[in-house]
Amino acid sequence: MKGNTHSGMVASMRGAMDDSMIGVRDLKFLEKMKQGKKQFKELEDQQIAKAVTTKLPELYRAAMEGNWKDACSEFRSNQNAETAKISNLGMTALHVAASCGQSEFVQKLVGRLSEKEVEARDQLGRTALHHVALAAGVDAAKAMVNKNPNLPYLGDVNKHTPLFYAAKWRKPSESKNMVEYLYGVSREENLPRDLESERRDVCNAFTDNSGPDLIVAITASGSYDTALRILKRYPKLTLKKNDKGTSILHVLAMKSKAFLSGNKLSPLISWMYDLVPVDDEETKHEDSTSDGANSKNRCSAASFFKFMSKFIKGIREMSEVKQSHVLAVRLVKFVCDELHKKEKEEEEEKKKEKEKEEKEKEREKEKEQEKEPEKEQVEEPEKEPEKEIAKEPEKEKGKEKEKEKEMDFLLHFVIPEEEREKGKEEEKEMDFVQDFFIPENSTAILHLAVEHGVFELVEKCLKAFPDLIWYADKAPRSVPWRHAHYTSTVKGSLVWNDATQHADTATASSNPPEYTDTTSGHWKWHEGQYADTATGTGRLLLHVAIEHRRVKIFNHLIDYIGKNTKAYADLKLEGNNNSLHLAANLAPTPQLQSVPGPAFQMQRELQWFKAVEELVYDELKTEKNLDDKTPRELFFNEHKDLLKDAKEWMKDTSNSCMVVATLVATVAFAAMITVPGGNNSNTGLPILATKKLFVAFSVSNALSMVSSAVSLLMFLSIQTSRYTEGDFLDSLPKKLLRGLLSLFIAIATMMISFGTAIGLSLQTRLNWSYIPITIIACVPVIIFTWLQLPLLLQAIIVESGPGIFQGQRDRKLWCIKKIGGHLLAYDRV
């Protein structure tokens, strides 16, 4: 329905044109008007399109809001409204509803459309299923695919399918289910044979040029199960990279939450996580790594949690999270296996090429041997003068050949041919692995994984390719230039040795003339160039672990390196920094904020510096970088602000706790003087001294008094501390721990003495009253524990835990006292 408004507008325009043509007498003007008829028709078509677009704003609003009742009224008044273009982008009501996520509206409207009408496209070549993949639910996608099974295979102008849209541009938290469904309905084996030959817009998302980008997007969406199934179906996509040089491992290296190491779990949740079942393959793996008794206990616990997951949502969600972690690890392992297969294929190709080259060489030798007797027969005796002339160059050639033979002999004697060829082959093989893990146009994969703390990816890749631990990333490009002025002076004397040609100066040899030459200039050099020429490498994995404070990866790398930690310590980085300079820098903000309290942050930084200091030899401890700073000087300079914050935090914390400890001590002392029930006037003893509750009151009150006094002294010693770096490493955290523990005991015992005093006072009249009163009195203790528990646990873990750095040294633990924990490491060479 085009409407009366449109027909009236067109009629008025035509009438105006006819009137103007009748009144015009100029023939030239008439010719121009005839030439402009085509332009008028184009203008008419544009007006019609605009009229249709602006005629249905209510339908656009209804589709956008999902108002099916208003949409139906528009459909009744306009028969073409269901398929009309109602936006400037050529979108129909189905497109608009799908782009706004109105799944119910889409399902109802699909029921009114035919199979062909569902394929309507906008100006960018997108069907409504493309918009459903971006915003709507899986139910809407199912309704459209059931109506037209060809929709998942239809691409836009860039040949991107709905699956690509869901994986690439949908919200990661909502894309997993949509990606899994669209993959199930867009497999190559489900594609009709006649459809691909008949239509040009049919796309195979996995074999087209967008395949690498698609598999990277699916991995980024968290659909690891779908990604594994696709890679098993199309293994060539495993090692492919998208236009930005990003591979599957790049995506996983930046998703620390996709692995267990990137999630902090409490002890209870961690225990439940280990027992929650995933699938049969993972259960078999866990059984193989445990003994018989533990395997039986694990199976029984797993069956219990599997049964409880049917009723408890939390256990079911934990099982899904663990399944995602397991699939991510399997995906990493699958990529490593494909890399090994690729290496074997290249080795076979190289062997075939060598065999071909050897055969060609044998054929050439046979041809030369056949030609030699023919040359001897053809050659005639030359004249004697010509022979004499030819003898000299032949002798020279003979000498050169003898020298070449000697050099070949020496080379073969020092390095045999087989070993040289093997070395070249190994270099080529390692170049292939290096090109994949350390590409030129993107960040190194393992370095990126260490930076984000993805321990599982580093562990699996190093297990498959142990030499990757010695691979360095590319040197940074944004390195500053340095400038310097120089002046050089050269002094010498002139001497003539040939006295025959310079007779007049022959006597000057005894006293030769002297001269002086002075030059000056400007010298410019690049810090990165200095680092590259000095070491020929960038950062190794251990350097990245130190720089980003990745404790677990650091310990794992130390286990791999073994006793060869000196090789790492010798390597220089940009700016002539060594490994200890990296530990002297301030930690990145996320790692620094993971430790509660500036004082414990300062302690953690000192622990890292001391740990790396134990790995390097003495010369590197005092070596200066290009800024003329030793590692210790750099540490003090980088941590000035943190040290200031740690001092203020420690003073404020101790002041607050001192006030509480003083109040507790005052209350405990007053309660001991004025005991409940009073004292006997004759003996001076408490009247209720024979009661059992009185013993509990006396003991708890005495403990409260002593504990508060100890706490007060601990916090007072913190106030009078020097606040040096060494104090934050060991002394101040211990004092804070002792003060908090004693204050916790003082408050708890004070509440116990309060409850027993109430019981003694009311036991003659209300025997039951002191029980609820005592329970209510425990509320302050619970609140204090809840608020101060993170700080208290951090102090306990730091002081009495195993320490953050763990490894082995001849299978014996060794302790650095200044760190305040066990630092387990391999001995250095």
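**Close-up views of a predicted model**

**View 1. Val-781 counts as buried, at 14% relative accessibility.** The cut-off for a buried residue is under 20% relative accessible area. The model shown here and in every view below is predicted. Val-781 belongs to helix 37, which covers residues 779-800. Leaving aside residues up to four places away in sequence, Val-781 touches Phe-744, Ile-747, Ala-748 and Met-751. Met-750 is 31 residues from Val-781 along the chain, yet their C-alpha atoms are separated by 9.5 Å.

**View 2. The whole protein, for orientation, has 37 helices and four strands.** Of its 829 residues, 39% are buried. The protein exposes about 49,500 Å². Carbon and sulfur atoms supply 53% of that area. Among contacts with a separation of 6 or more, 75% are between residues 24 or more positions apart.

**View 3. Helix 7 spans residues 103-112 and has five named positions that are buried: Ser-103, Phe-105, Val-106, Leu-109 and Val-110.** Seen down the helix axis, these buried residues fall within an arc of 155°, so they line one face of helix 7. An α-helix has 3.6 residues a turn, so residues three or four places apart point the same way. Glu-104 and Gly-111 are exposed, on the other side of helix 7. What covers the buried residues? The cover includes helix 4 (57-65), helix 5 (68-77) and helix 6 (93-99). It also includes helix 8 (128-134) and helix 9 (138-147).

**View 4. Helix 11 (residues 172-185) packs with helix 14 (residues 224-233).** Their axes are 9 Å apart, at an angle of about 25°. Angles under 35 degrees count as roughly parallel. Helix 11 and helix 14 are therefore roughly parallel to each other. Helix 11 passes helix 14 in a left-handed crossing. On the helix 11 side, the meeting residues are Val-179, Glu-180 and Tyr-183. Helix 14 brings Thr-226, Arg-229 and Ile-230.

**View 5. Helix 22 (residues 445-452) crosses helix 23 (residues 455-464) at roughly 145°.** The two axes come within 9 Å. The crossing is left-handed. From helix 22, the contact is made by Ile-445, Leu-446, Ala-449 and Val-450. From helix 23, Leu-457, Val-458, Cys-461 and Leu-462 take part.

**View 6. Arg-539 sits in the loop between helix 24 (527-535) and helix 25 (541-547).** Is this arginine, Arg-539, buried or exposed? Arg-539 is buried, with a relative accessible area of 17%. Residues up to four places away in sequence are not counted among its contacts here. Arg-539 touches His-447, Tyr-471, Ala-472 and Asp-473. Val-544, Glu-547, His-548 and Leu-573 are also touched by Arg-539. One of these contacts, His-447, falls within helix 22 of View 5 (residues 445-452).

**View 7. Two loop residues, Lys-159 and Asp-628, have a positive phi.** Most residues other than glycine have a negative phi. Lys-159 is not a glycine, but its phi is about 65°. Lys-159 lies in the loop between helix 9 and helix 10 (162-169). Asp-628, also a residue other than glycine, has a phi near 60°. Asp-628 lies in the loop between helix 31 (618-621) and helix 32 (631-638).

Conventions. Residues numbered from 1 in each chain as written. Predicted model: local features only at pLDDT ≥ 70, side-chain atom pairs only at ≥ 80, totals over all residues. Heavy atoms only, no water. Helix = DSSP H or I, 4+ residues; strand = E, 2+ residues; numbered from the N terminus. Buried < 20%, exposed > 50% of the residue type's maximum accessible area, 1.4 Å probe, protein only. Contact = heavy atoms within 4.5 Å. Areas by Shrake-Rupley, 256 points an atom, 1.4 Å probe, with all protein chains shown as cover. Arc of directions from axis to C-beta. Axes fitted to C-alpha atoms, helices over the stretch in contact; angles between N-to-C directions. Parallel < 35°, antiparallel > 145°, perpendicular 65-115°, else oblique. Left-handed = near helix turned anticlockwise from the far one by under 90°.
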